Amino acid sequence: MFIIFGTRGIKHTVSESPVLSNSCPNCNDGNLVNKLYRRWFTLFFIPVIPLDTVDRFYECDRCKSAYNESIKTVLQRSQEEISENQKRATSVYAKALVASMTHMSVVDGNFAPEEEREIMDAIEGFPEMKDELMAIHKNVKVNANKDNQVFDFLNSARSELSSEALINILAQAAVVLLADGAIEKEEETLMKEYLIACGLPKEMYQTLIDKLKQKDMTEIKKEQLN
Ligand SMILES: [Zn+2]
């Protein structure tokens with residue numbers, strides 16, 4: 001009788017290696033699964049004895065693109081870079097926000113409790129930066145824009161953030177401006193200076209205020225409905 005034997009490469013999933021979720025550089029969506037090719041000794045075409053590992057690689061479960069194992073390090077590094085950038089952007093955002101809200105609330109000479117509450121709410125939104133933000137708040141409350149500190153915060157925001165994020169900061173500062181009911185002339189002037197510091201046209205002032213007033217209106221309407 002014939003004995004038919006040989007070898008064959010079989011692709012296996014490396015189950016102990018974590019799947020890299022949604023990170024396929026080709027389709028952006030697929031999960032990269034760690035695979036290996038192992039050579040098997042076959043008897044009558046049936047793999048019976050595992051031999052050496054021929055190759056280890058990552059394969060996308062969606063588009064089937066295959067990547068060298070070093071893709072893992074590359075992806076991890078860019079993931080670290082992304083989260084590092086996000087952290088820095090959040091920090092710049094929060095500091096500019098608290099500095100401009102506080103500055104806005106002291107510029108008319110009196111510091112209303114409603115204004116303080118709005119600022120505390122904003123600080124609560126960044127629990128991991130609370131101490132740092134409280135320090136900025138206290139400093140600006142006492143020293144206002146001494147040494148141009150508030151505009152320095154806005155300038156760093158300008159170089160790191162999108163204009164959408166900048167408008168968000170100014171809109172929240174404008175909430176403070178409306179919190180005591182009236183917009184003083186100094187507040188309006190300051191808001192326009194903020195716009196310029198953020199590299200936005202000062203004509204956006206009216207757009208900001210209109211937006212805020214509309215928001216107030218919808219909230220009032222909601223309250224009436226309830
Ligand atoms: Zn893919």
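1. The four donor residues of the zinc ion follow the spacing C-x2-C-x32-C-x2-C along the sequence. The structure under review is a predicted model, and this note takes the zinc site as its starting point. The donors are the SG atoms of C24, C27, C60 and C63, which coordinate the zinc ion at 2.3 Å. The angles among the four donor atoms run from 106 to 119°, and the site is tetrahedral.

2. The position of the donors in the fold deserves attention. C24 belongs to the loop between β1 (5-13) and β2 (32-43), whereas C60 belongs to strand β3 (residues 46-60); the pair therefore ties together parts that lie 36 residues apart in sequence. Are these two cysteines buried or exposed? C24 has a relative accessible area of 1% and is buried. C60 is likewise counted as buried, at 0% relative accessibility.

3. S23 may be read together with the zinc site. This serine is found in the loop between β1 and β2, the loop that also holds C24. S23 counts as buried, because its relative accessibility of 16% falls under the 20% limit. Between the C-alpha atoms of S23 and P50 there is a separation of 31 Å, with their positions 27 residues apart along the chain.

4. The loop between β2 and β3 contains two residues whose backbone should be checked by eye. F44, placed in that loop, has a positive phi of about 50° although it is not a glycine. F45, also placed in the loop between β2 and β3, has a positive phi as well, near 70°, and is again a residue other than glycine. How do their accessibilities compare with the limits for buried and exposed residues? F44 is partly exposed at 37% relative accessibility. F45, at 61%, counts as exposed, because the limit for that class is over 50%.

5. The domain assignment divides the protein chain into domain 1 (5-71) and domain 2 (78-217). How far apart are the centres of domain 1 and domain 2? Taken over C-alpha atoms, the two centres are separated by 52 Å.

6. The largest nonpolar core comprises 43 residues, and those that touch the most other members are L161, I169, L170, M191 and Y194. The elements that contribute two or more residues to this core are α1 (71-106), α2 (113-124), α3 (130-143), α4 (149-160), α5 (163-179), α6 (185-197) and α7 (204-225). Which of these elements gives the most to the core? The answer is α1, with 10 residues.

7. E118 offers a view of how helix α2 is placed. This residue is found in helix α2 and is partly exposed, with a relative accessible area of 29%. E118 and M101 are 17 residues apart in sequence, and their C-alpha atoms are 8.5 Å apart in space. M101 falls within the bounds of α1 (71-106), and E118 within those of α2 (113-124).

8. Two loop residues between helices are also worth locating. G109 lies in the loop between α1 and α2 and is exposed, with a relative accessible area of 68%. From G109 to P50 the distance is 81 Å, C-alpha to C-alpha, for a sequence separation of 59 residues. A144 is found in the loop between α3 and α4, where it is partly exposed at a relative accessible area of 24%. The C-alpha atoms of A144 and Y58 are separated by 56 Å, and these residues are 86 apart along the chain.

9. Contacts that involve aromatic rings complete the list. A pair of aromatic rings is described by the distance of the centres and the angle of the planes. With centres within 6.5 Å as the criterion, the count comes to four aromatic pairs. A charge over a ring is also present: the charged end of K192 sits over the ring of Y205, 5.2 Å from its centre.

How values were computed
Residues numbered from 1 in each chain as written. Predicted model: local features only at pLDDT ≥ 70, side-chain atom pairs only at ≥ 80, totals over all residues. Heavy atoms only, no water. Phe/Tyr/Trp six-rings, centres within 6.5 Å; stacked < 30°, edge-to-face > 60°. Lys NZ or Arg CZ within 6 Å of the ring centre and 35° of its normal. Domains from an automatic or database assignment. Donors = N, O, S within 2.8 Å, 3.2 Å for Na, K, Ca; no water. Tetrahedral: all angles 85-135°; square planar, octahedral: opposite > 155°, others 65-115°. Helix = DSSP H or I, 4+ residues; strand = E, 2+ residues; numbered from the N terminus. Buried < 20%, exposed > 50% of the residue type's maximum accessible area, 1.4 Å probe, protein only. Core = buried A, V, L, I, M, F, W, Y, C linked by side-chain atoms within 4.5 Å.
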